[in-house]
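Please look through the model below from its central sheet outward. The paragraphs that follow take up the sheet, the helices, the chain as a whole and a few single residues.

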Amino acid sequence: MKVFDQGKGPAVLLIHAFPLNRTMWEPQFTGLIPHFRVIAPDIRGFGESQPPSPWTMEEIADDLNDLLNRLGIESCAVAGVSMGGYIALPFLSRYPQRIRQLVLANTRARADNEKEKAARNEMIAAIQQNGTAILPDRMLPRLLKPNSPEGVVTVVRKMIEEVNPWAAIHGVIAMRDRFDFSSAVHRINCPTMVVTGEEDAIIRAEDSRALADSIPRSQFVQVPHSGHLSNLENPGEFNRALLEFLRR
Ligand code: MLT
C-alpha cells in the first residue's frame, strides 16, 4: 500500500474517493501538515498501490488497521470522501478504539439500492468492453459541479485517466456490494462532522443532513460552490471547517 505520511502531531487518516487516489487530498496536505501527522494511502489497486485485486470495504478497513500498526499509530482522526466514507464506516465498526474523530464527506451510510446496483453492473460491463476511456465522460459530470475550476477538472480527469481498469472494476463491485450502515450510525459515539457539497450530484445535501441528524455527536457542514468533491472544489472552506473540527 503506497502511503503519504508527513507532519507531526495527532494523526489524521484521509481515505480517497473512487476512482481517484491519495493525491486528491493535496489541498488538505498543505492545510493540515503544520498541525497534524497526515496519512493518506492509495486504496488497493488505485494510484501506486498496485497490482489491483478484488476487495471488500471490510478488507480495506483491515488494511488500514494494519497500516496504523505499521506506522505505530494507536488512534487517529479519520476523514473519508465518498467511497472513503464507505470504508470509514466499517473501519469504525471493526476498530472503534482507533478513531478519535470522524469526518464523513459527500458520502452515505446506506447500501446501494436496486437501481444503483444495476447502474454499477452496467458500468462494469462498459469498462470490460471499452476500458477506462469511458470513465472521464461518465464520472466528471457526477464528481464535479458544472463550471468547476479548470485546474480541478484537469487534476481529476488525469487521476481518472490513469486508473487501472481492474482497480476500477473491483472498486465498483466493492461499492455495489457494501453493507448498509444506516441502522448503525446512531451508535457512533465519537465527534463526527458530516460534510456535503452544495451542488453534489451523487449525494444530495438533504441526505447528508439526514445522516448528520442520525449521528448523536455530529455537526453538519455544507461547503458552498462545490459538487461531490468538496475538498477539491472549495478547499478553502473545506479546510477551514476541517481544521476547526480537528482542533477542538
Ligand atoms: C466516489 O466518489 O467515491 C464514488 O463515485 C461514489 C459512488 O459511486 O457511490
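In this predicted model, a good place to begin is the pairing of two strands: β5 (residues 99-105) and β6 (residues 192-197) run parallel and are joined by four bridges. Within this pair, V103 of the one strand is found opposite M193 in β6. Strands of a sheet pair through backbone hydrogen bonds, and the pairing can be parallel or antiparallel.

Both strands belong to an open sheet of seven strands, in which the pairing is mixed. Read across the sheet, the order is β1-β3-β2-β4-β5-β6-β7. The edges are formed by β1 (3-6) and β7 (218-223); each has a single partner strand, so one side of each is left without a neighbour in the sheet. On average, neighbouring strands of this sheet are turned by 15 degrees against each other, direction ignored.

Helices pack on this sheet. Helix α3 (residues 83-94) touches β2 (11-15), β4 (76-81) and β5, and its direction makes about 150 degrees with that of β5. Helix α10 (residues 235-246) lies across β2, β4, β5, β6 and β7. Its direction is at about 160 degrees to β5.

Helices also meet each other. The axes of α4 (residues 114-130) and α5 (residues 135-143) come within 11 Å and cross at roughly 145 degrees. On the α4 side, the contact is made by E122, M123, A126 and I127, and on the α5 side by L135, R138 and M139. Sorted by class, this contact of α4 with α5 has five nonpolar and two charged residues, and no polar ones.

Now consider the chain as a whole. The protein chain has 10 helices and seven strands. A compact globule of 248 residues would have a radius of gyration near 18 Å, and the 16 Å of this chain agrees with that. Along its principal axes, the C-alpha trace spans about 50 × 35 × 35 Å. Of the contacts in the chain with a separation of 6 or more, 76% are between residues 24 or more positions apart. The accessible surface comes to about 10,600 Å², and carbon and sulfur atoms account for 50% of this area. Of the 248 residues, 55% count as buried.

Is S208 buried or exposed? This serine lies in helix α8 (residues 205-214). Its relative accessible area is 1%, under the 20% limit, so S208 is buried. Leaving aside residues up to four places away in sequence, S208 touches T107, V194, V195, T196, I203 and F220. Among these, V194, V195 and T196 fall in strand β6, which covers residues 192-197, and F220 falls in strand β7, which covers 218-223.

N147 is a contrast to S208: N147 is exposed, with a relative accessible area of 75%, whereas S208 is buried. The place of N147 is the loop between α5 and α6 (150-162). From C-alpha to C-alpha, N147 and E58 are 36 Å apart in space, and they are separated by 89 residues in sequence.

The backbone has some features worth checking on the display. Most residues other than glycine have a negative phi, and most peptide bonds are trans. N147, although not a glycine, has a positive phi of about 60 degrees. H225 is not a glycine either, and its phi is positive at about 55 degrees. H225 is located in the loop between β7 and α9 (230-233). With 51% relative accessibility, H225 counts as exposed, because the limit for that class is over 50%.

Which peptide bond leading into P19 is cis? The bond from F18 to P19 is, with omega near -5 degrees. P19 lies in the loop between β2 and α1 (26-32). The peptide bond from Q50 to P51 is also cis, with omega near -5 degrees. P51 is found in the loop that runs between β3 (37-41) and α2 (57-71).

Notes. Residues numbered from 1 in each chain as written. Predicted model: local features only at pLDDT ≥ 70, side-chain atom pairs only at ≥ 80, totals over all residues. Heavy atoms only, no water. Pairing = 2+ DSSP bridges. Axes fitted to C-alpha atoms, helices over the stretch in contact; angles between N-to-C directions. Contact = heavy atoms within 4.5 Å. Nonpolar A, V, L, I, M, F, W, Y, C, P; charged D, E, K, R; others polar. Buried < 20%, exposed > 50% of the residue type's maximum accessible area, 1.4 Å probe, protein only. Rg over C-alpha atoms; globule rule 2.2 N^0.38 Å. Areas by Shrake-Rupley, 256 points an atom, 1.4 Å probe, with all protein chains shown as cover.
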